[in-house]
Amino acid sequence: MVVSPESALKKPDFYQSKKILMTSPILHIGSSVSRLNPFEYVQTDRKVYFPNQEALAKGLLVAQGGRFFNDYIQAIEERQDITGLLKQAFGSEWWKAKDTQGCPIFPKEAISRKLTSERITDLRPMIRNGMGQLFIPGSSIKGAIRTAIAYYLLKHADRFQVHSSKRVSEIEKKLKEKLVKINQHKQKFDDKLFMCSFFSEFHLTYQERNFPGKGPNTDFFRAIKITDSAPLLESTIKTKKGQEIPVNIPVVAEVVVSSRFPDYLAKYKASIYAEMVRNVQTEFTITLDTEMLSWFTHKEEMKLPFNNLDELLQICQEFTQEQWDYEHDYWQEIKNNPQASGKNLDFNYIREFYEPEKCPYSLRLGWGSGMNGTTIGLCLDDELRKDIRDTCGLKAPGFEAPKSRRTVMNTKGEIRFVPGWVKFKNLQD
């Protein structure tokens, strides 16, 4: 048998990889700093600026002999707005100021459009990479996929030989017992039951050696790698008709937190101001090590729910469709409330958003995904979800679980967007 040089050099096909285009109407992934104080950002009528704090301090040290630096320190200590101080130190176009080394005090990547006319108080920033650019961590995508897999295994327990101890009925029983103990003994809730050891109770067989155990070493999700997304840089793209559309637009928006009364009348709870990205368009890569996946054998003989990336993404689609159907019904039933604590809770645009019967998205990510998007909650009965919420979160007797929803206002004060829905497209098709 003659082996061609090309065949000899070809590596074993152990990996499946897909380059994915991710799009979303609006998205927020939180950072390690949950809220910014007023001196950590500067707002005008139209924009919000996030200064490079080191560059700002250096600039103030030399601006007009440094006479404003002590005022800046005092403003920080008293948590005051520094807009007036910036005008005095750097002039009317203070947002163009640089420090002594020519470093912009307000980097281009740290300027967001302001979608609200309200005065922002507490602001929730979005995550940035080491270069100060907005992005979507691969860990966020992987976590959402992990939840989709757990939900899928529970829903199709018979198909994958899921042991009876991990069926929905048994999990509900264990959860109810645990909630009683929490109430009686003030114990801390352990959310590991939500994953039911689906991922870590595996024997690992490698090079004819067996490695039994629990934990990350025997977690079959080790076979999946997901990169961080490309930076969300503001730009424009051309449609097939030649139109230019802006993408990756950083905005600071008013997010309305609302719920509904038992008679389905909308109820206003609060407003939150968050840095978000509109018209998201970015790329990431997902890779499956099929050889590594073959090393794992569940100790109770549960079958793995996927063997390739196409099956994995289809599982995500099914979970997303379940969420979509639930949200569609929620918004169809809620009644607008034009006089809810000074807010016009008109959700007609949201009802239109959920009008398609088939979900046009592939997953739900980040802040705003809610209890149903981040847990297996949709597998559990309504009363148990309420008990979990009331025991482990904020009590809301008489309200369904999840109680609240987050929607986003546009510049006209209309409730227009729902955060977190993302669409995947395989760029290699």
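How many helices and strands does the protein chain have? I looked this up before anything else and found 11 helices and 19 strands. I note at the outset that the model is predicted.

**Entry: the chain overall**

I next recorded the totals for the protein chain. Of its 429 residues, 46% count as buried. The accessible surface comes to about 22500 Å², and carbon and sulfur atoms account for 49% of that area. I then turned to contacts between residues at least 6 apart in sequence, and I found that 74% of them join residues at least 24 apart.

**Entry: strand pairing around β4**

I asked which strands pair with β4. Strand β3, residues 47-49, pairs with β4, residues 111-114, in the antiparallel sense, and three bridges connect the two. Within this pairing I located V48 opposite S112 of β4. Strand β11, residues 249-260, runs parallel to β4 and is joined to it by two bridges. On this side I noted K114, whose bridge partner in β11 is V252.

**Entry: nonpolar cores**

I searched for the largest nonpolar core and obtained a set of 49 residues. The residues with the most contacts inside it are I141, I145, I149, I286, F306 and L365. I then listed the elements that each supply at least two residues of this core: β1 (15-27), α5 (138-155), β8 (224-226), β12 (266-289), α7 (290-293), α8 (309-333) and β19 (421-426). Which of the elements gives the most to this core? Helix α5 does, with 10 residues.

I examined I145 individually. Leaving aside residues up to four places away in sequence, I145 touches F221, I226, I286, L312, C316 and L363. Another core lies apart from the largest one; this other core has 19 residues, and I recorded W324, I415, V418 and W421 among them. As background, I note that nonpolar side chains tend to be buried together in soluble globular proteins.

**Entry: cysteines**

I looked for disulfides, and the structure holds zero. I also checked two cysteines for burial. C359 has a relative accessible area of 3%, under the 20% cut-off, and is therefore buried. C379, at 17%, also falls under 20% and so counts as buried.

**Entry: aromatic pairs**

I searched the whole structure for aromatic pairs and found 21. I selected F220 and F306 for closer inspection. Their ring centres are 6.0 Å apart and their planes meet at 50°, so I entered the pair as tilted. F220 lies in the loop between β7 (209-211) and β8, whereas F306 lies in the loop between β13 (296-298) and α8; the pair therefore ties together parts that are 86 residues apart in sequence. Are these two residues buried or exposed? F220 is buried, with a relative accessible area of 0%, and F306 likewise counts as buried at 0% relative accessibility. I recall here that F306 is also listed among the residues with the most contacts inside the largest core.

The second pair I inspected was F353 with Y354. The centres of these rings lie 5.0 Å apart with planes at 85°, so this pair is edge-to-face. Y354 is buried, with a relative accessible area of 1%. Both residues belong to a cluster that ring pairs form from W324, F353, Y354, Y361 and W421. I close by noting that W324 and W421 from this cluster are also among the residues of the 19-residue core.

How values were computed: Residues numbered from 1 in each chain as written. Predicted model: local features only at pLDDT ≥ 70, side-chain atom pairs only at ≥ 80, totals over all residues. Heavy atoms only, no water. Helix = DSSP H or I, 4+ residues; strand = E, 2+ residues; numbered from the N terminus. Buried < 20%, exposed > 50% of the residue type's maximum accessible area, 1.4 Å probe, protein only. Contact = heavy atoms within 4.5 Å. Areas by Shrake-Rupley, 256 points an atom, 1.4 Å probe, with all protein chains shown as cover. Pairing = 2+ DSSP bridges. Core = buried A, V, L, I, M, F, W, Y, C linked by side-chain atoms within 4.5 Å. Disulfide = S-S within 2.5 Å. Phe/Tyr/Trp six-rings, centres within 6.5 Å; stacked < 30°, edge-to-face > 60°.
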